[in-house]
Amino acid sequence: MSQSHAAFTEAQLQAISAIVQQAVLPLRQKESVTSRDTNGISNGYHYTAPENINDSPDRVKFAYWVPNVSGGLVISKIPQRTKWDYESNVRYAQTAENVGFEFALSQIRFMAGYGAENQHESVSFSQALLHNTKKLNVIAALLPGPWNPAIAAKQIASIDNYTNGRISVNVVSGWFKAEFTSIGQWWLEHAERYRRSREFIECLKGIWTTEKFTYRGDFYQFHDYPLSPKPVALPGRPHPLIFQGGNSIDARDNGASVSDYYFMNGNTLEGLQEQIADVKERAKKLGRGDKIKFAVNGFCIIKETEEEAIRLLSEIQGKADKDAVEAFGDAVKQAGSSTGEKKGMWTNSKFEDLVQYNDGFKTKLIGTKEQVADRILLLKSLGIDIVLLAFLHYEEDIESFGEQILPLVRKLEKEGRGKDAEDEIRRTGDVYRARKAG
């Protein structure tokens, strides 16, 4: 073949180069929000949140429940456009990250029950989501008993290194008795479950921050254990964040003494105020008054009118899976009945509350976008740092929240809202007040 046929002229090469540059430049500009992993799943296929959406240091933060178990986030026969498979959850995580969510919380289940017939394991699932996102912090649930702190500390530290410090843990103490007995684990009384969780957290923190860790507890013992590598060293974060929740005195003591974040179920205004004040006071006595932060669970429904939102809530509750809800209610109330003060997480929950696992309806994030934003700012003013959200239709509700609510909350925060509890209670507090009988 002659050179004239094998090569382009200089003019042709310049023209081709210009065409290539025009095609490639936009792709490079979008590279920070658009990529594709080895599974062909789009990572950041669009970006709706402004780049500075989460710049303010005193902002309220948002998390969402990861649907890594089947059945959605309500125990209801109403159709839910929420899937539990890997591919769908990668899409949910990327969408959440792109619209401004900062945390996601995976669920832990070892067996089927109460509407969740299938369950993906929490830590490996969290790691999978982390490898498909860039900023999102995923909170992996751990259950002492089935989980040993040595294995948990090693696995979480490794994942923390893989993901530049983006994994946290939620240490749950357990409410599902059959889940323990079916795998040959002791079912401890309430106070003992929380005492074990406290030791578990103390071990995690010690392993992650001590060169050679020694511990002599009733449940766990370590002798000069040297974990390496340690978790990623980040400013103000000596180890992966530790979340833990509950409502009992045992749970509150754990939150005050060893946790970074204390998770709360939905509650009345008075209930939230009392719980926050009590845990803060307990932490203060231990010299941790400035260490503990708070997160609350909420189920979100956004509609054009409040009437539409309430109708949907009524439909969810009206189509509840009665047998599953009642069985769940019996299990959680029995789990908390051994507390000395008879004050477990679901002690005051009615049937309609239990349709959403963690009393999310009580948080009242159900209404127009303006009403939901106002109520989030009230929660912030009470001292809540993270609002943990669940939705009926993950396929569209995560994005809808990010487009409608999150920018509105940020706008109102810039105007000074969410700082004065008295003002926020005056604006919207009545919707949360406990209703007196009679």
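**Exercise 1. Burial and overall make-up**

Task: State what share of the residues in this predicted model counts as buried, and how many helices and strands the protein has.

Solution.
- Step 1. The protein has 438 residues, and 53% of them count as buried.
- Step 2. Its secondary structure consists of 16 helices and 14 strands.
- Step 3. Now take the contacts with a separation of 6 or more. Residues 24 or more positions apart account for 75% of these.

**Exercise 2. Strand E14**

Task: Decide whether strand E14 is enclosed or open, and find which strands pair with E14.

Solution.
- Step 1. Strand E14 covers residues 386-390. Buried means under 20% relative accessible area.
- Step 2. Five of the five residues are buried, so E14 is largely enclosed by the rest of the structure.
- Step 3. In a regular strand, side chains alternate between the two faces of the sheet.
- Step 4. Sort the residues by side. Ile 386, Leu 388 and Ala 390 lie on one side, with Val 387 and Leu 389 on the other. Both faces are covered.
- Step 5. Look for partners. Strand E3 (residues 61-65) pairs with E14 in the parallel sense over four bridges. Here Tyr 64 has Leu 389 as its bridge partner.
- Step 6. Strand E11 (residues 293-299) also pairs with E14 in the parallel sense, over five bridges. Here Asn 297 has Leu 388 as its bridge partner.

**Exercise 3. Helix H15 and its cover**

Task: List which residues of helix H15 are buried, and name elements that cover them.

Solution.
- Step 1. Helix H15 spans residues 406-414.
- Step 2. The buried residues are Leu 406, Leu 408, Val 409, Arg 410, Leu 412 and Glu 413.
- Step 3. An α-helix has 3.6 residues a turn, so residues three or four places apart point the same way.
- Step 4. The cover includes strand E3 and the helices H3 (86-99), H13 (369-382) and H14 (394-404).
- Step 5. Gly 416 follows H15 and has a positive phi, near 100°.

**Exercise 4. Aromatic rings**

Task: Classify the pair of Phe 222 and Tyr 225 as stacked, tilted or edge-to-face.

Solution.
- Step 1. The whole structure has 17 aromatic pairs.
- Step 2. In this pair, the ring centres of Phe 222 and Tyr 225 are 5.9 Å apart, with the planes at 35°.
- Step 3. Planes under 30 degrees apart count as stacked, and over 60 as edge-to-face. The angle here is 35°, so the pair is tilted.
- Step 4. Check the burial. Phe 222 is buried because its relative accessible area is 8%. Tyr 225 has 23%, so it is partly exposed.
- Step 5. Elsewhere, one aromatic cluster is formed by Phe 62, Tyr 64, Tyr 92, Phe 101, Phe 391, Tyr 394 and Phe 401.

**Exercise 5. A pocket**

Task: Describe the second largest pocket by its volume and its lining.

Solution.
- Step 1. The volume of the second largest pocket is about 630 Å³.
- Step 2. Its lining has 23 residues. The closest to the centre are Lys 61, Phe 103, Gly 236, Arg 237 and Leu 241.
- Step 3. Split the lining by class. There are six nonpolar, five polar and 12 charged residues.

**Exercise 6. Unusual backbone spots**

Task: Find where a cis peptide bond occurs, and which residues other than glycine have a positive phi, including Asn 164 and Lys 364.

Solution.
- Step 1. The cis peptide bond joins Ser 228 and Pro 229, with omega about 5°. Pro 229 sits in the loop between strands E8 (221-225) and E9 (242-245).
- Step 2. Asn 164 has a phi of about 60°. It belongs to the loop between helix H5 (149-162) and strand E6 (167-171). Its relative accessible area is 61%, so Asn 164 is exposed.
- Step 3. Lys 364 has a phi near 65°. This residue is in the loop between helix H12 (351-354) and strand E13 (366-367). At 32% relative accessibility, Lys 364 is partly exposed.

**Exercise 7. Two buried residues**

Task: Place Val 69 and Thr 428 in the structure, and say whether each is buried or exposed.

Solution.
- Step 1. Val 69 lies in the loop between E3 and H3. With a relative accessible area of 3%, Val 69 is buried.
- Step 2. Ile 108 is 39 residues from Val 69 along the chain, and their C-alpha atoms are 8.3 Å apart.
- Step 3. Thr 428 belongs to helix H16 (residues 421-428). Its relative accessible area is 13%, so Thr 428 is buried.
- Step 4. Leave aside neighbours within four places in sequence. Thr 428 is then in contact with Asp 374, Arg 375 and Leu 378.

How values were computed. Residues numbered from 1 in each chain as written. Predicted model: local features only at pLDDT ≥ 70, side-chain atom pairs only at ≥ 80, totals over all residues. Heavy atoms only, no water. Buried < 20%, exposed > 50% of the residue type's maximum accessible area, 1.4 Å probe, protein only. Pairing = 2+ DSSP bridges. 1 Å grid on protein atoms, 1.4 Å probe; cavity = no way out; pocket = protein on both sides within 12 Å on 5 of 7 lines; lining within 4 Å. Points joined across faces, edges and corners; volume = space filled by probe spheres on them. Nonpolar A, V, L, I, M, F, W, Y, C, P; charged D, E, K, R; others polar. Phe/Tyr/Trp six-rings, centres within 6.5 Å; stacked < 30°, edge-to-face > 60°. Contact = heavy atoms within 4.5 Å.
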